[in-house]
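Here is my note on the structure you sent. Please keep the model open while you read the points.

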Amino acid sequence: MNEIVSVKNVSKSFHHKHAVKDVSFSINRGEVVAILGPNGAGKTTTISMMLGLLKPTAGEVRLFNQHPNEIKVREQLGIMLQEVSVMNGLKVRELLELIRQYYPNPLSMEELISFTGLTDNDLKTLAEKLSGGQKRRLSFALALAGNPELVILDEPTVGMDITSRNRFWKTVQLLADSGKTIIFTTHYLQEADDVAQRIILFNKGSIIADGTPSEIKSSLTKQFVSFQTNSGSMAKLYEHSIITHIFEKNDRVFLQTEDTDAVLALIFKENIDAYNIQIERGKLEEAFEQLTTEHKEVI
Ligand SMILES: Nc1ncnc2c1ncn2[C@@H]1O[C@H](COP(=O)(O)OP(=O)(O)OP(=O)(O)O)[C@@H](O)[C@H]1O
């Protein structure tokens, strides 16, 4: 079976307010997918519904073609949530041993240690006494303990220092190379771009783009032809649909377009009074920020 995750027309409201609105996507075995979006976009709510922790107000979620709460699903699922809560009174090693026992085919302790960078010292420490960053490492180890087919990580790198972060992404890459399916949420376009093969971009509870990082980036980055002019009117240009937006900034006219060559040809054909012509591409991070505040369909 290739389809591991199926989310169909899923919505969730809290007190009559939509947190997630009619979201649909499916994820196949072996994909590494980033669910990207700003604060409050609906990422955690969607993940919680995928995990069976929240019931959708409408729509249906299936993992491995079953309800997410089925035991057969649980055995194949590794989860790392934002909130790390650990059982009190157990040392890290004891906790990991305990959780490993619940699974038919767990990872060995050695693999868990090398994957997550838990130190000997960490293993001897009571889980509740770990620092925030160490707790996240433990949380990652707990997610991997059962050797899951599907790994779901909600903002996994929050609170990690740069060394832990690098190790973390290296492990994710190893898991991906061994054919695991990985889904993670993030606020950071860069993180999604570095690690994921596919980005599902959320904003205000909806999916506003779904594609490869390069598709997402090229659709986010706007192109412009800009020039100076002595003519007061650009009326002729407004008639052409290849120009999606016209504005003036710093004494220059900017024409936004998907096809800069065609716009240049048009400027000459229409005999527009234009000099000092330049072609520009917007900055990716700026475009991302703008898009997530505008809420526009891009792909
Ligand atoms: N239990 C809840 N009760 C009421 N409103 C909620 C609840 N959980 C989430 N929301 C609201 O739903 C919306 C989406 O929240 P969600 O946590 O899914 O966003 P997010 O994309 O994960 O954000 P962040 O990146 O900040 O974690 C927000 O407006 C949030 O306030």
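Which feature does UniProt place at residues 5-229? The record, an unreviewed entry, gives "domain: ABC transporter" for that stretch. Bear in mind that the model is a predicted one.

1. **Overall layout.** The protein chain has 299 residues, and 33% of them are buried. Its C-alpha trace spans about 75 × 40 × 35 Å along the principal axes. Count the secondary structure and you get 12 helices and 13 strands. Contacts with a separation of 6 or more deserve a look too. In the protein chain, 70% of these join residues 24 or more positions apart.

2. **Two domains.** Domain 1 covers residues 3-218, and domain 2 covers residues 222-281. Their centres, taken over C-alpha atoms, are separated by 45 Å.

3. **The annotated stretch.** Go back to residues 5-229, the range that UniProt labels. Helix makes up 35% of this range and strand 29%. The C-alpha atoms at its two ends are 54 Å apart.

4. **Around the ligand.** Which residues surround the ligand? They are Phe-14, Ala-19, Gly-37, Asn-39, Gly-40, Ala-41, Gly-42, Lys-43, Thr-44, Thr-45 and His-187. Sorted by class, the shell has 3 nonpolar, 7 polar and 1 charged residues. Helix H1, residues 43-50, provides the largest share of the shell, with 3 residues.

5. **Helix H1.** This helix is mostly covered, with 7 of its 8 residues buried. Lys-43, Thr-44 and Thr-45 are among the buried ones. So are Thr-46, Ile-47, Met-49 and Met-50. After H1 comes Gly-52, which has a positive phi near 75°.

6. **Strand S7.** Is S7, residues 181-186, enclosed or open? S7 is largely enclosed by the rest of the structure, because 6 of its 6 residues are buried. Now check which way they point. Thr-181, Ile-183 and Thr-185 point one way from S7, while Ile-182, Phe-184 and Thr-186 point the other way. The residues pointing either way are all buried.

7. **Partners of S7.** Strand S3, residues 32-36, runs parallel to S7 and is joined to S7 by 5 bridges. In this pairing Leu-36 stands opposite Thr-186. Strand S6, residues 150-153, also pairs with S7 in the parallel sense, over 4 bridges. Here Leu-153 stands opposite Phe-184.

8. **Ser-164.** This residue is found in helix H7, residues 162-177. Why does Ser-164 count as partly exposed? Ser-164 has 18 C-beta neighbours inside 10 Å, and a residue needs 20 or more to be buried, and 12 or fewer to be exposed. Leaving out residues up to four places away in sequence, Ser-164 touches Gly-117, Gly-133 and Arg-137. Take Gly-117 as an example. Ser-164 and Gly-117 are 47 residues apart in sequence, and their C-alpha atoms are 7.8 Å apart.

9. **Asp-261.** Look at helix H11, residues 260-269, where Asp-261 lies. Asp-261 counts as exposed because it has 11 C-beta neighbours inside 10 Å. Finally, try a distance across the model. From Asp-261 to Leu-81 is 47 Å, C-alpha to C-alpha, and the two are 180 residues apart in sequence.

Conventions. Residues numbered from 1 in each chain as written. Predicted model: local features only at pLDDT ≥ 70, side-chain atom pairs only at ≥ 80, totals over all residues. Domains from an automatic or database assignment. Contact = placed C-beta atoms within 7 Å. UniProt positions renumbered as here; feature names shortened; annotations may be inferred. Near = placed C-beta within 6 Å. Nonpolar A, V, L, I, M, F, W, Y, C, P; charged D, E, K, R; others polar. Pairing = 2+ DSSP bridges.
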